[in-house]
Amino acid sequence: ARPPISTPDPVPDADPGGGTLRVGLDRDPTSLDPRFVVDGEGELIVGALFEPLVRLDDRSRIMFGAAESYEILDGGTAFRFRLRDAEFHDGTPVTAGDVKRTFDDIADTTASRRSPWAFLLEPIRGADEATNDGLAGVIVEDEQTIRIELDEPDPGFLLTLAHPVLAPLPQAADDAASFAEQPIGNGPFAMAEPRARGSFLRLRAVDDHAREPQVNEVLFSVYGDETGRDLQWNDLSSGQLHVGHVDPSRRADARTQFGAANDGHAGSGVLDGLTGAVYLYAFDVAEPPFDDPRVRRAISMSINRAAMSDELFSGERVPARSIVPPAIPGATGSACDHCAFDQIGARQLWDEAAVEVTSITLSHNRGATHAAIAERIAADIERTFGVTVELESWDLPTYLDQAAAGELSVFRLGWEPTEPDPGGYLEPMFHSTSPETENLTGYANEDVDALLNEARIAELRGVRMARYADAERAILADAPVIPLFHYQLSLVVRPEVRGLRWSPLGRVDFAAIELITQAS
């Protein structure tokens, strides 16, 4: 059945401003409580309902959010935020105490249901031993002023604080069950009514918000079954939906009907820009023969990424030439010199390393797509080196446990950071001090550590990005991981929509969007 539509007229018939923006969702969000959001759909809606201390503009620059000002103190070891005079949607004031209580809840290591976002607050002083007594490094100086102290300098932590899941929550959030169904936020939109699970969510514009929305409401319709993409396409074509996902196989038809957006992320038409996700294969760098960078590079060169992209994904995924996707500010774009398909060069490196193994095992978590990719990689490796490749798959929890324990030699690895910054990829996966749940390859390089450390504490953005670029080139030369694919958006935005930008991390500023009636 067609997802319900809130009002009968599909497109507003007024001048700019007002109207109902209709957005399609592929899945029903699991939760709308920022502390327990686990999917992209939930994050998208939380971004409209809540406002963190700071936010990012469309160039990933820091802008004021719940805070009206901030100071970076002691070289990035501490931050002071002054909150603007604002209210939650239930009329209660937003205070520094709300910020602290929210951060304390997220970081609480003793909570019976711990937030999956606790890792975002790990740099804060006292996060390792945080209990229901709170975070030592989050200090309320007065009702409108909050101070955040870190264990070590990190000016880039401001980017982390811009994540919408770190927005302050009201006291009403203590009733977690009801809050997840109709959350009370501080953002430019509020829940108009409790969510209708599996059907729709309606958000209304908040009067007198610091960022006044240009539309009256946003209606998110859930297209959750296997025919959902067909329904979205029909509703986009008929004007009953303004923004929706399309199957990549329909992208050419969509461009013919709606045109192409300017840069793949903004405007009307087809949005097909790169996202922040990267698909990799990784090695246990302590296990022979994968302890030799020549072997790792040889395997990378044996894989025909372009053919795999065309045959398996109809171009939906783009062959990767870097770890950090090109859509992320500061990305190098093409730092990988072994990501091009070169069977002759691969065989030369293999022979130079005098590899003696006759069998390799590729591991991946279960899923039809992961299996298809693994089968194609296996065929390329067997064809190039004349070895036998075995495949093994696991359910995701077991797979992650196996990888963290160093039980997998060559294995699938996906990564998408929480901030649009190269450090969100390079620090956790490759710094020698990263926990084994993040540095799954066991990679350690003193020169790379030094570059990452310099980047983290750099106060000048140019210096920070240059150090990260040097670190990525050094990591790729060692090849503890081999990049395979970057992902693309596959969205349609109708011409009535103005001001929409879909960021590489899947964030949208709905307050900036307006609807324009097309001339007849």
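**Note on the predicted model**

1. Strands β6 (residues 138-142) and β7 are paired in the antiparallel sense, with 4 bridges between them. The two strands form a hairpin, and 2 residues lie between them. Within this pairing, V138 has I148 of β7 as its bridge partner. The structure under discussion is a predicted model.

2. Strand β7 also has a partner in β5 (residues 78-83): this pairing is again antiparallel and extends over 5 bridges. Here A78 is placed opposite E149 of β7. Strand β7 thus enters into pairings with β5 and with β6.

3. The covering of β7 deserves a separate remark. The strand spans residues 145-149, and 5 of its 5 residues are buried. In a regular strand, side chains alternate between the two faces of the sheet. In β7, one side carries T145, R147 and E149, while the other carries I146 and I148; with these residues all buried, both faces are covered. Two residues already named for their bridges belong to this set: E149, opposite A78, and I148, the partner of V138.

4. Attention may next be given to R101, a residue of helix α2, which comprises residues 96-107. Its relative accessibility is 18%, and R101 therefore counts as buried, the cut-off being under 20%. The side chain of R101 is in polar contact with the side chain of D98, at 3.0 Å. When neighbours within four places in sequence are set aside, the residues in contact with R101 are L169, P170, Q171 and D174.

5. How many disulfides does a search of the whole structure find? The search returns 1. The disulfide is formed by C336 and C339, with 2.1 Å between their sulfur atoms. A disulfide is a covalent bond joining the sulfur atoms of two cysteines. The link of C336 and C339 is right-handed, with 90° about the S-S bond. Both C336 and C339 are buried.

6. A final point concerns confidence. The protein has a mean pLDDT of 92, and 96% of its residues reach 70 or more. Which residues call for caution, with pLDDT staying under 50? These are residues 1-16, for which the model nevertheless has 42 contacts beyond four places in sequence. Where pLDDT is low, predicted coordinates should not be read in detail.

Terms used: Residues are numbered from 1 along each chain as its sequence is written. This is a predicted model: local features need pLDDT of at least 70, side-chain atom pairs count only at pLDDT 80 or more; totals for chains, interfaces and linings use all residues. Side-chain values use heavy atoms; hydrogens and water are left out. Buried means under 20% relative accessible area, exposed over 50%, partly exposed in between (1.4 Å probe, protein chains only). A polar contact is a pair of N or O atoms within 3.5 Å; within protein, one must be able to donate a hydrogen and the other to accept it, and residues adjacent in sequence count only if both atoms are side-chain atoms. Contact means heavy atoms within 4.5 Å. Two strands pair if DSSP finds at least two bridges between them. pLDDT is the predictor's confidence in each residue, from 0 to 100. A disulfide is a pair of cysteine sulfur atoms within 2.5 Å.
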